[in-house]
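Here's a protein to look around in. Take a moment to turn it on screen, then read on.

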Amino acid sequence: MENSLRRVLVCEYVTGGALCNGPLPTDLMAEANAMVAALVGDLVALDGIHVTLCWDNRLAAPSFPAGRVTLFPVAPGEEPEARWRAAVALCDMVWPIAPESDGLLARVTALFRDTGRPVVACAPDAIALASSKTATAARLAAHGIATIPTVPFGAPPPPAARHVVKPDDGAGCLDTFIVDDIASWTPPHAGRWIVQPLIEGEACSLSMLVDDTGGVRLLGCNRQKVERGDGSFSFHGVDVGAMEHRRAAWEPLARAIAAAIPGLRGYVAVDLIDRPDDPDGNGPVVVEVNPRLSVGYSGLSRVLGWNPAGDILVLFHTRSADAGREDAHV
């Protein structure tokens with residue numbers, strides 16, 4: 001790690017104080033805590049790195065090595081974005097984590113970029129595209145990548161015995177419904193809903209590291225713990241590395257996705273449905289692209305046997321340093 005990089009700010013949306021003036025979402029807390037624990041654990045394992053962690057002070061303080069992590073509290077009554085800007089001023093780089101829903105990832109990333117600090121995040125155009133399942137499906141299909149046919153709710157649905165309905169910018173399995181009669185179904189609340197055919201197969205995910213040139217290193221081939229209930233799906237975590245036997249089939253897919261969506265950088269997750277035993281010879285089909293840290297990062301360094309956080313930091317810190325040298329010669 002370069003000597004000029006010492007202090008990294010980690011700001012995860014749910015635990016980092018964004019919701020300090022309202023109720024905490026219990027359905028997202030386990031995933032948020034898992035990502036924070038994994039990322040901060042990897043960062044403090046790097047020589048010379050100190051982490052400042054934005055933290056909603058209503059939550060119990062996390063346990064990290066003494067002297068390597070400083071909590072930056074955000075309390076009820078405070079303005080979260082002002083507190084985050086104050087935290088950034090103390091750091092050399094910021095690593096935000098936020099869901100794509102309601103444009104949150106784009107907004108949080110833009111806020112931190114406006115501070116002038118290097119931000120570990122995909123390019124704005126890539127975030128905007130991947131935040132829409134409709135736009136993502138159209139882009140991937142245009143590049144010959146198998147993806148789920150996706151239409152806005154209310155449009156003629158893709159032919160299928162059963163359909164899946166979810167928000168266009170949803171995260172995880174929240175508000176994801178299995179519908180038998182799409183013609184009579186009504187969304188539970190307002191929003192941009194989409195309709196897809198129900199695809200049978202095994203829920204899986206890719207953990208990929210994308211560099212500045214669009215080169216891809218497939219870090220993890222994972223199995224997702226997704227349960228199908230009475231009319232809905234529920235998410236219960238990820239078995240990281242459980243699908244390594246599919247690496248040879250998935251590596252070309254990872255490269256194709258990165259080529260189809262310029263601006264993906266750093267850690268990127270891809271949800272897919274695997275169909276290795278499909279009698280028609282169909283391979284994996286992409287469900288969505290997550291241009292951010294995902295739950296699949298949790299336990300990744302243990303499975304890999306090396307720490308991916310260092311490679312990701314170098315990617316963004318080096319790019320920022322190069323940009324600064326170019327600006328100095330203008």
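What follows is a short tour of a sheet, the helices lying across it, and one buried residue, all in a predicted model.

## The sheet

Let's start with the strands. In general, strands of a sheet pair through backbone hydrogen bonds, and they can do so parallel or antiparallel. Here, 4 strands form an open sheet in the order E3-E2-E1-E4, and the pairing is parallel. Strand E3 (69-74) and strand E4 (93-97) sit at the edges, so to speak: each one pairs on one side only. Going from one strand to the next, the twist averages 25 degrees.

Now zoom in on one pair. Strand E1 (residues 7-12) runs parallel to E4, and 5 bridges join the two. Want one to look up? Valine 8 has methionine 93, in E4, as its bridge partner.

## Helices across the sheet

Which strands does helix H1 lie across? Helix H1 covers residues 26-44 and lies across E1, strand E2 (50-56), E3 and E4. Its direction is at about 160 degrees to E2.

Helix H3 (residues 104-113) lies across E1 and E4, and runs at about 170 degrees to E4.

## A closer look at aspartate 274

Next, jump along the chain to strand E12 (residues 266-274), where you'll find aspartate 274. Is this residue buried or exposed? Aspartate 274 has 2% relative accessibility, and the cut-off for buried is under 20%, so aspartate 274 counts as buried.

What does the side chain of aspartate 274 make a polar contact with? The partner is the side chain of tryptophan 250, at 3.4 Å. Leaving out residues up to four places away in sequence, aspartate 274 touches several others, including Gly201, Glu202, Cys204 and Arg246.

Conventions: Residues numbered from 1 in each chain as written. Predicted model: local features only at pLDDT ≥ 70, side-chain atom pairs only at ≥ 80, totals over all residues. Heavy atoms only, no water. Pairing = 2+ DSSP bridges. Axes fitted to C-alpha atoms, helices over the stretch in contact; angles between N-to-C directions. Contact = heavy atoms within 4.5 Å. Buried < 20%, exposed > 50% of the residue type's maximum accessible area, 1.4 Å probe, protein only. Polar contact = N/O pair within 3.5 Å; in protein donor to acceptor, adjacent residues only side chain to side chain.
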